[in-house]
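Here are a few notes to help you find your way around this one. Have the structure open as you read, and take the points in order.

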Amino acid sequence: MNATGLERYLSELHARGVQPRAVDAKALAPARLILLDAGDWGTAAAVGAALGCRHAGLWADELDADILIDACLVLDGEYLLLATALPAAAPVVAAHTPWFPGVDRLERHARDLLGVTFSDHPDPRRWTRHQAWAADCFPLRRDFAEAGCRPKRTRPDSAYPFVPVQGREVCEVPVGPVHAGIIEPGHFRFQVVGEEVLRLEQHLGYVHKGIERLAVGRDPAGLARLAARVSGDSTVAHAWAACQAMERAAGCTPPPRASILRALLAERERIANHLGDIGDICNDVSFAFAHSQCARLRELWQRRSAELFGHRLLMDLVVPGGVARDLDAAGAALLRADHAELRRAVAPLFAIITDHPSVDDRLIGTGVLSAADARALGCTGHVAKASGLPFDLRRDCPYPPYDHFAVALAVRTEGVVAARVGVRMREIEAALELLDQLLDQIPDGPLAAPFAAPAGSAGIGLVEAWRGEILTFVRFDAAGRVARFFPRDPSWFHWPALERLIAGNIVPDFPVCNKSVNGSYAGADL
């Protein structure tokens with residue numbers, strides 16, 4: 001019998017002389033909790049890298065006199081949650097970044113907000129901390145004033161130390177943080193020779209909202225509303241992940257009808273966003289026909305969402321224990337008709353986009369992300385699938401109701417913009433089929449199960465959003481209020497992937513490369 005991922009990992013730890021302080025397969029299920037001594041933290045990352053683990057996130061949590069560091073690895077489909085305690089007075093631990101480069105910004109985020117020092121981290125620059133608080137102020141510490149520590153207007157953040165590239169013919173091209181289009185702010189610093197990009201470096205954090213601090217003290221319903229606003233294009237997915245974490249902490253199982261409706265909402269969110277991005281990519285290569293058609297179809301889709309569910313972006317429909325709004329037979333009939341009409345409309349449209357010479361010329365061969373880079377950075381969703389990595393939570397670690405359905409995956413191996421567009425097209429088609437199956441099997445019954453906040457408990461949420469895997473951690477205090485909330489959007493790993501895949505391309509191809517990934521600024525600028 002083959003060993004499980006947990007067994008393989010523990011065996012290799014023992015071979016390196018590491019003895020975990022505790023192993024608990026139930027405390028934060030479906031993740032397996034492995035409590036380690038702080039001195040073994042770096043070895044734990046080295047073991048994970050040697051075994052081919054994917055790093056799924058890292059965060060810190062202040063507990064009385066200690067700061068707990070959590071890191072999640074995925075091996076053979078199993079989630080391994082590593083944890084170690086550090087003294088809050090001097091929280092120092094080895095970094096995971098040397099082994100998993102995609103965790104770079106997450107570790108810098110933990111340093112900026114909780115004061116954790118990662119002793120061998122390769123990048124000492126701040127990430128989340130702009131000028132709104134001093135270097136010795138840590139907003140997620142309990143002693144940090146909610147009003148902040150600077151009563152005066154925050155000065156401009158203009159001195160970020162970008163890495164220079166030397167050379168007589170090297171030029172720097174700054175883009176942002178304010179952009180020509182109506183998008184979120186982010187700064188992109190290109191080093192180029194002629195039009196060829198040698199290196200791209202990003203500076204994000206301009207929409208830091210204090211989400212993690214705002215969550216503290218909320219009740220479960222309030223946390224669900226906050227989670228829905230982490231990233232406005234993923235309101236269903238983030239709310240579902242937060243509610244799933246709370247439900248697991250409370251031992252609450254949503255009723256079957258609620259689970260079906262959650263999946264229906266999530267698949268509608270997936271289709272709306274993929275339609276919008278496909279159209280925007282076509283617009284970036286001046287193919288206005290496809291852009292207008294995708295925009296038209298997305299608009300009709302979102303109008304139906306507003307009509308049947310009360311909000312174009314499906315806001316505040318996922319609540320602890322279930323959903324807040326039902327779907328009657330007449331509404332289900334309208335959705336079936338919409339599915340058939342969209343399926344009919346996208347078939348010739350996608351065929352034109354896939355085989356249009358001017359589009360092919362700009363998208364095929366552009367923005368190559370190798371499977372090795374996608375794996376090293378921890379990418380999931382359409383970004384990973386287009387590079388030959390087929391992971392999808394709905395299939396590989398299914399949660400209700402996906403554990404009763406076969407989810408068809410679209411996988412390409414080229415890793416280029418055209419492949420990421422192709423994966424999105426196939427995901428729309430697969431989602432339409434899945435939506436009809438969900439409607440076929442929706443049972444009668446209640447919309448929500450009774451939910452009581454579990455004092456002192458914690459839970460993990462794992463949801464396949466349209467961008468990929470969302471991992472959410474929630475911990476309750478002794479009064480049943482939220483003590484810690486950390487939502488890890490796929491964009492934490494997708495933004496570094498954009499830096500990798502743009503190298504060697506020309507500057508005019510940046511818009512299509514960027515949109516083919518479409519990282520969420522807000523999702524990573526917590």
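The points below go through a helix and its residues, then the pockets, then a cavity.

1. A caveat before anything else: this is a predicted model. Keep that in mind for every value that follows.

2. Let's begin with helix 3, which covers residues 104–114. How many of its residues are buried? The count is 11 of 11, so the helix is mostly covered under the cut-off of under 20% relative accessible area. The buried set runs from one end to the other and includes charged-looking names you might not look for there, among them Asp104, Arg105, Glu107, Arg108 and Arg111. Just past the end of the helix, Gly115 has a positive phi of about 80 degrees.3. Now zoom in on Asp112, which belongs to helix 3. Is Asp112 buried or exposed? Asp112 counts as buried because its relative accessibility is 6%. Its side chain reaches across to the backbone nitrogen of Thr128, at 2.7 Å. If you skip the neighbours within four places in sequence, Asp112 is in contact with Arg126, Trp127, Thr128 and Arg129, and also with Trp133, Cys137, Phe138 and Pro139.

4. Thr128 comes up again with His109, another residue of helix 3. Here the link runs between side chains: His109 and Thr128 make a polar contact of 2.7 Å. His109 has a relative accessible area of 4%, so it is buried. Which residues does His109 touch beyond four places in sequence? They are Thr128, Glu212, Phe486, Trp492 and Leu526.

5. Step back along the chain to His96, in the loop between strand 6 (92–93) and helix 3. His96 counts as buried because its relative accessibility is 0%. The side chains of His96 and Trp41 are joined by a polar contact of 3.2 Å. Apart from residues up to four places away in sequence, His96 touches Trp41, Ala45, His55, Leu58, Ala71, Leu82 and Glu107. Glu107 is one of the buried residues of helix 3. For a sense of distance, His96 and Leu114 sit 18 residues apart in sequence, and their C-alpha atoms are 17 Å apart in space.

6. Next, the pockets. The largest pocket holds about 980 Å³ of space. Its lining counts 38 residues, and those nearest the centre are Ile182, Ile183, Asp280, Lys515 and Asn518. The elements giving two or more residues to this lining are helix 7 (256–284), helix 8 (288–309), helix 16 (510–517) and helix 17 (521–524). Which element gives the largest share? That is helix 7, with eight residues. By class, the lining divides into 15 nonpolar, 14 polar and nine charged residues.

7. The second largest pocket has a volume of about 420 Å³. Of the 19 residues lining this pocket, Asp104, Arg105, Asp123, Arg199 and Glu499 are the closest to its centre. Asp104 and Arg105 should ring a bell, as both are among the buried residues of helix 3. Two or more lining residues come from each of helix 3, strand 10 (196–203) and helix 15 (491–502). The largest share, four residues, belongs to strand 10. The lining has seven nonpolar, three polar and nine charged residues.

8. Helix 7 deserves its own look after the first pocket. It has 29 residues and spans 42 Å from its first C-alpha to its last, close to the 42 Å expected at 1.5 Å a residue. Helix 7 is mostly covered, with 25 of its 29 residues buried. Just after helix 7, Ser286 takes a positive phi of about 65 degrees.

9. Finally, the cavities. How many cavities of 30 Å³ or more turn up in a search of the whole structure? There are five. The largest cavity has about 90 Å³ of space. It is lined by 13 residues, with Glu269, Ala272, Gln302, Arg312 and Leu313 nearest the centre. Helix 7 and helix 8 are the elements that give two or more residues to this lining, and both also do so for the largest pocket. The cavity lining has four nonpolar, four polar and five charged residues.

Key: Residues numbered from 1 in each chain as written. Predicted model: local features only at pLDDT ≥ 70, side-chain atom pairs only at ≥ 80, totals over all residues. Heavy atoms only, no water. Buried < 20%, exposed > 50% of the residue type's maximum accessible area, 1.4 Å probe, protein only. Polar contact = N/O pair within 3.5 Å; in protein donor to acceptor, adjacent residues only side chain to side chain. Contact = heavy atoms within 4.5 Å. 1 Å grid on protein atoms, 1.4 Å probe; cavity = no way out; pocket = protein on both sides within 12 Å on 5 of 7 lines; lining within 4 Å. Points joined across faces, edges and corners; volume = space filled by probe spheres on them. Nonpolar A, V, L, I, M, F, W, Y, C, P; charged D, E, K, R; others polar. Expected span 1.5 Å × (residues − 1).
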